[in-house]
Amino acid sequence: MSVITQASPAEPEAFSATPERTWRPPSYWPFVIPALVVVLAIIIFPWVFTIWMSLHEWKVGSPTVFVGLANYLRLPTDPRFVEAIGHTLFYTALSVVLPLIFGTLAAVVFHQKFAARGFLRGIFIMPMMATPVAIALVWTMMFHPQLGVLNYLLSLVGLPPQLWVFNPTTVIPSLVLVETWQWTPLVMLIVLGGLAAIPTEPYESAQIDGANFWQVFRFITLPLIMPFLFIAGMIRMIDAVKSFDIIFAITQGGPGSASETINLYLYSVAFVYYDIGYGSAIAVVFFLLIVALAALLLYLRKRMLWTSELGDGA
Amino acid sequence: MSLRQVSLRQILGRIGLWLSVFVIVSPAILFFLWMASLSLKFEIDNAAYPPVFIPENFAWKNYADVLASNRFLTYFVNSLIVTGSATGLAMLVGVPAGYGIARMAAHKSAVVILIARITPGLSYLIPLFLLFQWLGLLGTLVPQIIIHLVVTVPIVIWIMIGYFETTPLELEEAALIDGATRWQVFRHVALPIAKPGLAVAFILAVIFSWNNFVFGIVLAGRETRTLPVAVYNMISFDQLSWGPLAAAALMVTLPVLLLTVFAQRQIVAGLTAGAVKGG
Amino acid sequence: MSHHLISRRQVLAGTAAAGALGLTGFPARAEVNWKKYSGTTLEVILAKGPRGDNLQKYVKEFTDLTGIKVESEQIPEQQQRQKCVIELSSGKPSFDIVHISYHVQKRQFEKAGWLADMSGYLKDPSLTPPDLVESDFSAAGLQYARNDKGQMLSLPWSVDYFILYYNKELFQKKGVEIPKTLDEMAAAAEKLTDPKEGIYGFVGRGLRNANMAMWSNFYLNYGGEFLDAKGNILTDGPEAIEATKLYQRLLTKSAPPGVVGFNWMESMASFTQGRAAMWIDATGWAPPLEDPTASRVAGKVGYTVVPAGPKGHFSSTYGDGIGIAAASKNKEAAYLLCQWVVSKGQGARLLQAGGGVPFRSSIVDDPEVAKGVKTKEWLQSVIDSSKISKLGLPVIIPVAEFRDIVGAALTTTLSGADPATELKKAHEQFRPILERSEKA
């Protein structure tokens with residue numbers, strides 16, 4: 001069988017050489033198929049149904065009428081939807097970039113050895129473990145412009161009180177503050193895995209060469225953890241685009257519609273206005289938008305793997 | 001470089017390190033302490049300005065109120081069943097899938113699985129509600145377990161792909177030459193090495209599932225409600241009640257917070273061990 | 001005190017049964033056959049709040065009376081509405097009895113035909129005690145419960161007026177009179193505002209959607225009507241612009257910072273902290289305001305009607321009802337529970353707890369019931385409001401869209417936008433939605 005011929009590179013001498021992972025037998029499919037079946041079974045029916053509904057005018061309680069693409073044609077003329085796209089992209093960009101930066105820095109710190117590291121690391125990842133709805137409500141109390149603890153903290157360092165989520169211009173950054181607080185630990189964990197994967201030799205030689213901390217980070221650490229940053233970025237992007245619990249519990253898209261993202265608007269259309277047809281059209285377009293963003297990241301990751309030594313993603 | 005210079009640099013490094021640790025950890029510590037403080041204060045202290053951190057009178061009744069006003073234990077058990085089953089099933093199908101995809105470098109199939117993760121959760125709700133109603137499954141926990149798979153399976157697969165990509169092929173190849181089947185290789189060579197990765201996947205799947213509440217709103221009834229949904233219902237008290245609200249929030253979150261402290265060693269050790277071998 | 005209350009409440013709760021026994025002197029009629037459906041189990045879905053509490057607290061009495069087992073649950077309003085709509089539209093709801101918000105759901109439920117007609121049951125003496133007659137419900141209640149054909153699709157349960165809460169201490173300190181008109185109110189609010197002290201003259205809902213319930217008080221008092229004879233929406237007219245200008249003036253000049261994000265909860269927080277001198281909101285908040293563990297202003301709160309406008313004096317009115325799912329298999333048993341829910345005894349308890357106001361005049365006008373109400377001033381404001389009651393939202397299907405879109409326009413004016421322009425924009429956005437919904 002092909003296994004035997006394919007297996008020849010795995011002779012002991014190959015261990016020291018750079019692994020040649022060109023070996024791709026087809027028979028790994030049985031491992032994948034159960035999961036594929038499960039996933040397809042749970043998503044295929046909803047998707048068929050959603051697409052079917054998106055072609056109909058269906059408000060709950062009224063008869064269903066086939067309207068073709070009318071729901072889709074309504075989207076560009078719907079000012080709330082158009083605004084929601086902008087809010088979503090702004091919210092997502094901040095909610096990906098900030099946790100990536102802080103998470104990487106935190107990972108670098110937690111990669112060092114110090115007393116009580118395990119315990120402190122446990123504390124640090126608590127925000128991502130905690131139930132978002134519950135967390136969001138405590139944040140709401142903290143954001144309160146008069147009684148909230150955040151303005152009190154600002155006053156301690158001599159800063160003027162802020163309106164936080166109660167001002168259309170600061171609402172998204174304030175929500176991102178919560179999102180960042182919550183999800184920086186996830187990035188940290190993923191990057192920490194990457195840091196641990198880095199061999200110690202480059203650091204030793206860098207130390208001998210007298211490289212400073214920043215140089216070490218920039219030229220040794222960062223390139224090596226790139227694949228992990230991409231995984232983290234991908235997960236973060238998907239979660240941030242779909243972010244719901246926090247926005248819903250804190251602002252419900254307000255003030256006005258200043259923090260109404262596509263997901264919040266989708267919720268309103270489908271579950272408050274019961275406009276299932278139009279809501280389905282929004283769901284389809286929303287999905288395509290996320291796919292586009294994910295494809296962009298996957299493409300970048302693929303290229304990254306090509307150029308990195310870990311590369312096997314051809 | 002003289003020795004003294006080195007040690008001075010080391011001391012400064014130590015101070016800098018501790019400062020950074022302090023800065024990094026304090027937002028989490030302060031938040032949870034404040035949450036605990038809110039949960040132990042009467043309304044009059046909770047709405048006071050400047051804020052009161054440690055009140056004169058502790059409002060233990062906030063906790064008693066929450067326990068009394070809700071069937072906390074039922075919802076807790078429901079949550080355990082839903083999260084436990086959804087995570088268990090996800091591990092069962094997701095770990096082999098992650099392995100297969102990593103070994104085949106079949107990122108295209110990963111994309112298919114990613115679709116489940118990408119789909120806005122809200123768009124599952126109406127179709128699946130109608131489906132489960134047609135199947136007569138509403139009123140049981142089955143619909144929630146199934147819909148939670150949408151959350152847990154992709155997470156497990158994604159973590160495991162990343163993990164298996166960093167574990168060495170050589171041992172597996174050697175085992176194959178010795179005549180082992182792929183399943184045996186997976187079971188006896190790949191899986192033991194991947195144990196720490198399993199822990200990470202498991203824990204992340206548990207979090208995502210435990211914390212999910214959107215699905216429960218529509219699919220859960222009185223008897224099948226999970227804890228986050230039950231807490232959200234408490235949250236909307238028709239009165240300003242920061243104390244009981246914070247108490248409820250803390251109680252729901254406590255299991256996962258304890259899990260965090262308890263399992264963080266495994267998460268971190270798993271990542272470190274896996275990574276060393278992967279290097 | 002409490003012992004006395006309970007025993008009297010039990011007497012009140014027994015009124016229905018007593019009526020059947022002929023103790024209250026009603027002419028002899030066929031008796032309500034309470035035990036007819038003994039052994040039946042009913043499922044009830046309630047919106048969270050004092051109404052639901054009132055039902056759950058005493059439902060055991062109903063079970064004792066009828067032998068009907070009642071399984072009920074309270075869900076937060078917004079989710080309850082969703083769950084009801086999804087389940088009812090599926091044709092197989094998991095509940096027999098549904099608690100509905102008239103101001104949001106009336107048209108939708110009628111049009112979809114989700115509720116069973118109760119008209120026949122109301123006339124059936126074996127199901128309805130003699131004191132429960134349609135004419136006992138207020139006009140607003142009947143307007144809510146009846147459909148175009150005059151069928152009763154639900155029983156009006158609890159009405160919510162909007163009233164003016166004020167902080168007596170702050171008014172005294174500044175020597176300001178209680179305002180009688182909206183203009184006086186705006187002037188008073190500005191006089192009472194003292195940002196250095198953290199005191200503001202007025203607080204109220206700035207949050208999109210929620211704000212419509214308060215704004216409509218201004219709109220109605222400026223002479224506004226929601227719909228013209230042809231069913232076109234009118235919220236871009238001069239009355240709306242004037243009302244919005246007042247709204248903008250109050251909430252930007254004399255309201256606490258961040259009011260743009262306030263719903264009733266945040267407004268109440270300001271008010272109970274003694275940081276706001278006036279607050280306009282629904283009637284149900286007297287209990288928390290008078291609770292010394294939750295409020296710094298307990299005992300200092302004044303209650304009165306919403307001030308009059310140049311072209312009218314109305315109190316925006318909203319309401320809840322209780323109905324039977326058309327798909328229910330236990331309609332008569334379900335009706336027994338519905339009529340118990342709106343019975344005199346249950347209504348008196350609701351009013352006395354400050355949790356709501358029954359639609360039935362025989363309860364609100366009963367001096368015996370009034371004796372059990374703790375805050376007399378509150379009760380007076382409720383009675384006065386009932387005389388100037390007017391529906392606070394248009395009776396259309398897309399109420400939620402209306403509240404969101406026009407509400408967002410109001411919120412935008414709080415950041416300085418021009419009321420006329422914003423209302424016009426909202427109007428253009430909402431009109432096609434309304435047309436589509438009426439056409440379908």
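What percentage of the 279 residues in chain B are buried residues? In this predicted model, buried residues make up 57% of chain B. The report below describes chain B, then chain A, then the place where chain A touches chain C, and finally the domains of chain C.

**Chains B and A**

Chain B contains 13 helices and 0 strands. Its pattern, followed along the sequence, is therefore written with the helix symbol throughout, as α-α-α-α-α-α-α-α-α-α-α-α-α. Chain A has 14 helices together with 2 strands. Of its 314 residues, 51% count as buried.

The contacts inside each chain can be described by how far apart the partners lie in the sequence. For contacts between residues at least 6 apart in sequence, the share that joins residues at least 24 apart is 79% in chain B and 69% in chain A. The table collects these values.

| Chain | Helices and strands | Buried residues | Share of contacts (at least 6 apart) that join residues at least 24 apart |
|---|---|---|---|
| Chain A | 14 helices, 2 strands | 51% of 314 residues | 69% |
| Chain B | 13 helices, 0 strands | 57% of 279 residues | 79% |

**Where chain A touches chain C**

Between these two chains, 23 residues of chain A are in contact with 29 residues of chain C. On the side of chain A that touches chain C, the largest share comes from helix α13 of chain A (residues 262–272), which supplies 3 residues. By residue class, this side of chain A is made up of 13 nonpolar, 8 polar and 2 charged residues.

**The two domains of chain C**

Chain C is divided into two domains, and each is listed as two stretches of sequence. Domain 1 covers 8–159 + 318–384, while domain 2 covers 161–316 + 391–439. Taken over C-alpha atoms, the centres of domain 1 and domain 2 of chain C are separated by 30 Å.

How many residues of domain 1 of chain C are in contact with domain 2 of chain C? There are 21 such residues in domain 1, and they meet 20 residues of domain 2. Two helices of chain C, α5 (102–112) and α18 (376–387), each supply at least two residues of the side of domain 1 that touches domain 2. The most comes from α5(C), with 6 residues. The side of domain 1 of chain C that touches domain 2 of chain C divides into 9 nonpolar, 7 polar and 5 charged residues.

Terms used:
Residues numbered from 1 in each chain as written. Chains lettered and ligands numbered in written order. Predicted model: local features only at pLDDT ≥ 70, side-chain atom pairs only at ≥ 80, totals over all residues. Helix = DSSP H or I, 4+ residues; strand = E, 2+ residues; numbered from the N terminus. Buried ≥ 20, exposed ≤ 12 C-beta atoms within 10 Å, placed from the backbone. Contact = placed C-beta atoms within 7 Å. Nonpolar A, V, L, I, M, F, W, Y, C, P; charged D, E, K, R; others polar. Domains from an automatic or database assignment.
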